[in-house]
Amino acid sequence: MQGSSVALAPASTPILKRRFCLILSSSSLEPADLAFSRGVSCLQTSRFGSFTPLSARISSSLKCLNQRYHNLKARAGTASVPDSVDETPEPSAAIQTLQLGGMFGLWYLLNIYFNIFNKQVLKVFPYPTTVTAFQFGCGTVMIILMWTLNLYARPKLTRSQFAVILPLAVAHTLGNLLTNISLVTVNVSFTHTIKAMEPFFTVLFAALFLGEKPTIWLASSLVPIVGGVALASLTEATFNWTGFCSAMASNVTNQSRNVFSKKFMVRKEDSLDNINLFSAITIISFILSVPAAIFMEGAKFTPYLQSAASQDSNIRGLCVMSLLAGFCFHSYQQVQFSVSYMILQMVSPVSHSVGNSVKRVVVIVSSVIFFRTPVSPLNSIGTAVALAGVFLYSRAKRVRPETKTS
């Protein structure tokens, strides 16, 4: 009897194999050949054992297969999702070219229209202090609207920040006032030719106050600037010392403002972003220029309006022109802080410096054409040499001195 049971055990093994293979192959968890190989291995190890351990091993194998199947399905679903779903497509080269051209065009147009409108106002109303205060007032109104409409976050100035910004605002006020004084007495083209001397004072003040020694290339680029301005001044038809000295003093104040801002605004708690820094300087300049305008030109302002009204002058046209000049004044200076930085992000620094040099050329040429300013050949050569020196200066600033390694 015992022998028969032993003899029956091998005979029942193929039956169990077939049943087990049918169970595993009917499942949709894995292919039948993989399930079959696992089932055979389980049966061979428990060939002469009882059926209870075998059923336990079958259930554990099914659980293992089910877990592996879900893991593989999860991996396959993750791999099927593309990695760049949230990536935004980059703008094409044509769109970037149009954006860059629009930024440069806005930069140039605001400068051109400001100089034309400002010169027309100063021809009819030759009071530069009052005009300067009015232009700062237009900028102040635009800044208040920007903060009120939440177009830009309004800063909270501390006492330390105000103490740093105040001398910068004084220099900014004097620089714009002296430029308007020059524009009253000489042509726009000559004023901007003299203002091409700004790099000379930048290098001078940086060496005196910041201890920055210029490279040989930077110093060499100043030679054509000085020579060109001298030649243009000697051949200028409308030359007078008031206009010349005022434009030169404007260079001194503007570049001292830039150097002092670099020297004083080094602490992180005292620094502001460019737009808010310019906004704070503009408001302080307006507060400083209003008393100066009343004190220096207030007595002349009322008689002028009375004489203009008696002569049926175009007061309305003067007011509109003054508003346009004030709008362009603040806008083009704001562009220097914001749009100019955006242009620098899109192009190389060399291309940006070329665009900055071309801007002054465009302003001079447009003013000569609009006001029909007589220009002699030597005057044109002097202006061209000075502007070429400005371009060489901008290129030389990008050349870094080589550090000697020991």
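Confidence in each residue is expressed by the predictor as pLDDT, which runs from 0 to 100. The structure is a predicted model, in which local features need pLDDT of at least 70 and side-chain atom pairs count only at pLDDT 80 or more, whereas totals for chains, interfaces and linings use all residues. Residues are numbered from 1 along each chain as its sequence is written, and side-chain values use heavy atoms, with hydrogens and water left out.

The protein chain has a mean pLDDT of 76, with 65% of its residues at 70 or more. Among helices and strands (DSSP runs of H or I with at least four residues, or of E with at least two, numbered from the N terminus), confidence is lowest in helix α2 (residues 32-45), with a mean of 42, and highest in α5, at 96. Over residues 1-52 the pLDDT stays under 50, and it is likewise below 50 over residues 78-88. Where pLDDT is low, the predicted coordinates should not be read in detail.

Helix α5 (residues 128-148) and helix α6 (residues 159-185) have axes that come within 9 Å and cross at roughly 130 degrees. The arrangement of α5 to α6 is therefore oblique, a term for angles outside the ranges under 35 (roughly parallel), over 145 (roughly antiparallel) and 65 to 115 degrees (roughly perpendicular). Contact (heavy atoms within 4.5 Å) involves residues including Phe 136 of α5 and Leu 177 of α6.

Phe 136 also pairs with Phe 329 of helix α12 (residues 315-337), 193 residues apart. Their ring centres lie 5.6 Å apart with planes at 75 degrees, so the pair is edge-to-face (centres within 6.5 Å, planes over 60 degrees apart).

Conventions:
Axes are lines fitted to C-alpha atoms, for helices over the stretch in contact, and angles run from 0 to 180 degrees between N-to-C directions. Rings of Phe, Tyr and Trp (its six-membered ring) pair if their centres lie within 6.5 Å; planes under 30 degrees apart count as stacked, over 60 as edge-to-face and the rest as tilted.
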